[in-house]
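Student: I am new to this structure and would like a close look at one part of it. Could you take me through the pockets, and then show me what lies around them?

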Amino acid sequence: MRATRRAILAALASTALHAELEKGRNFPSEWKRYRDPATEFDVYRLTDSAFSSHLPAHYNRAVSRRHGFLLFSSDRAGSNQAFRMDLKTGECRQLTQAHELDTASLSLLPDDHGFTLFDGPSLRQGNLSTLRDRQVYSIPEGWTRGAGASMTADGVSSLFFEVSPQASRLRLLGMAKGSAATVVEIPFPGSHPIARPRRAQVLYREGDEVLWLVNFDGRQNRKLKTAADGTIGTAFWSPNGRTVLYLYIPTDTTKLVAIREHTPDENSDKQVAPTSQFASLGCNGDASVFVGASRNRNSPHILILLRVARRELTLCEHRSSDPFAVSPIFSPDSQRIYFQSDRDGKPAIYRVQVERFVEETDTEP
């Protein structure tokens with residue numbers, strides 16, 4: 001029995017050591033540059049399309065503030081793990097040895113020294129230098145995690161939903177102590193909570209039909225009066241936190257998908273610009289330029305839309321089988337756009353330069 005116990009302990013220690021050794025593995029650059037057939041602009045494929053690679057959710061931070069590295073996930077290690085890509089050399093470093101990584105939950109912390117993610121029911125925080133990580137919180141029994149998770153702008157708290165058969169509850173978790181508080185409990189599955197910049201409020205979704213806003217203390221939980229007779233696509237806060245920008249997808253398929261803007265403090269909603277059928281949306285550092293992935297089968301393009309002129313410019317083809325998953329985002333300085341596509345096989349991450357068309361924006365928070 002002693003020998004068996006020693007063998008079990010040795011096996012556990014060996015397994016733990018192996019997992020730690022998996023972290024920190026370096027992989028050479030897989031970058032490939034090509035000329036886009038539609039525009040002849042240079043496009044870079046940053047990850048090998050033999051593996052599946054994904055950006056975090058569009059509202060989570062993926063690119064470091066000074067554009068030194070990119071945080072993403074890939075299954076090149078045999079299962080989905082978090083990676084750090086050096087944006088000068090293209091070299092990648094494995095950061096985790098997760099069991100059930102939620103690829104969308106990845107997010108850089110504001111200081112660019114750490115990151116957070118959900119590994120199954122476990123919310124974990126990791127260090128990019130030491131690769132040490134710790135469990136901050138675990139979803140309790142009787143609950144499952146709802147779709148989406150994000151951080152407050154200061155990195156102090158995490159936001160996510162816990163769902164039961166009867167209800168769901170929005171949780172605000174203090175990262176330092178791992179203490180969770182319920183912001184609001186609702187009778188439907190809430191999803192994709194996003195903290196409002198400079199305000200103690202949270203935007204969240206009821207499916208694709210309704211956007212809600214609630215204070216951190218649970219007060220003033222209310223529906224936002226968005227455009228009727230349609231569904232809501234990508235939605236996020238403008239960089240200054242004054243408005244919610246979202247894609248309005250009309251029920252009438254003969255009408256164009258439009259970018260709209262809701263101002264909660266004024267309870268007003270207006271159209272910003274029609275689009276060439278955007279399926280997903282992002283904006284630059286001051287919301288003066290939008291980037292979208294068209295769902296038009298004849299023109300599967302990545303486009304930028306100038307807010308003032310309401311004019312679109314085609315950057316390149318995405319040719320993704322699922323344009324809703326392309327999720328284009330700007331770098332913090334607004335000089336590059338990243339997106340994902342399975343055009344060459346499995347989902348890979350791509351980059352296109354836009355400094356000729358978009359002014360640089362301030363990268364400080």
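Tutor: Happy to help: we will start with the pockets and then move on to a core, a sheet and a few single residues. Please keep in mind that this is a predicted model.

Let's begin with the largest pocket, which holds about 1,300 Å³ of space. Its lining is made up of 37 residues, and those nearest its centre are Tyr59, Arg61, Arg65, Pro197 and Pro239. If you want to find the strands involved, look for S8, S12 (144–151), S16 (191–195), S20 (230–237), S24 (278–283) and S28 (329–330), each of which gives two or more residues to the lining of this pocket. The largest share comes from S24, with 3 residues. Sorted by class, the lining of the largest pocket has 20 nonpolar, 12 polar and 5 charged residues.

Now turn to the second largest pocket, with a volume of about 630 Å³. Here 35 residues form the lining, and Ala57, His58, Tyr59, His192 and Ser327 lie nearest the centre. You have met Tyr59 already, as one of the residues nearest the centre of the largest pocket. At least two lining residues of the second largest pocket come from each of S12, S16, S17 (201–206), S20 and S24. In this pocket the largest share belongs to S20, which supplies 4 residues. The lining divides into 19 nonpolar, 13 polar and 3 charged residues.

From the pockets we can go on to the largest nonpolar core. In soluble globular proteins, nonpolar side chains tend to be buried together. The core in this model has 19 residues, and Ile302, Ile304, Leu315, Phe330 and Ile337 have the most contacts inside it. Strands S25 (289–294), S26 (301–306), S27 (311–317), S29 (336–341) and S30 (348–353) each bring at least two residues to this core. Phe330 is a good residue to click on: beyond its neighbours up to four places away in sequence, Phe330 touches residues including Cys283, Val289, Phe290, Ile304, Ile337 and Val358.

Strand S8, which you met at the largest pocket, also belongs to a sheet. That open sheet has 4 strands in the order S8-S9-S10-S11, with antiparallel pairing. S8 and S11 (133–138) each have a single partner strand, so they stand at the edges with one side left without a neighbour in the sheet. Between them in the order, S9 (residues 114–119) and S10 (residues 122–127) pair over 6 bridges in the antiparallel sense. As an example, Gly114 has Asn127 in S10 as its bridge partner.

Finally, here are a few single residues. Thr103 sits in the loop between S7 (92–94) and S8 (107–108), and counts as buried because its relative accessibility is 19%. Leaving out residues up to four places away in sequence, Thr103 touches His54, Leu55, Pro56, Ser73 and Asn80. Ala153 is also in a loop, between S12 and S13, but Ala153 counts as exposed because its relative accessibility is 67%. Although Ala153 and Pro110 are 43 residues apart in sequence, their C-alpha atoms are 6.9 Å apart in space. Move along to Ser157, in strand S13 (residues 157–163), and you reach a residue that counts as buried at 13% relative accessibility. Away from its neighbours within four places in sequence, Ser157 is in contact with residues including Ser150, Thr152, Leu172 and Met175.

How values were computed: Residues numbered from 1 in each chain as written. Predicted model: local features only at pLDDT ≥ 70, side-chain atom pairs only at ≥ 80, totals over all residues. Heavy atoms only, no water. Buried < 20%, exposed > 50% of the residue type's maximum accessible area, 1.4 Å probe, protein only. Contact = heavy atoms within 4.5 Å. 1 Å grid on protein atoms, 1.4 Å probe; cavity = no way out; pocket = protein on both sides within 12 Å on 5 of 7 lines; lining within 4 Å. Points joined across faces, edges and corners; volume = space filled by probe spheres on them. Nonpolar A, V, L, I, M, F, W, Y, C, P; charged D, E, K, R; others polar. Core = buried A, V, L, I, M, F, W, Y, C linked by side-chain atoms within 4.5 Å. Pairing = 2+ DSSP bridges.
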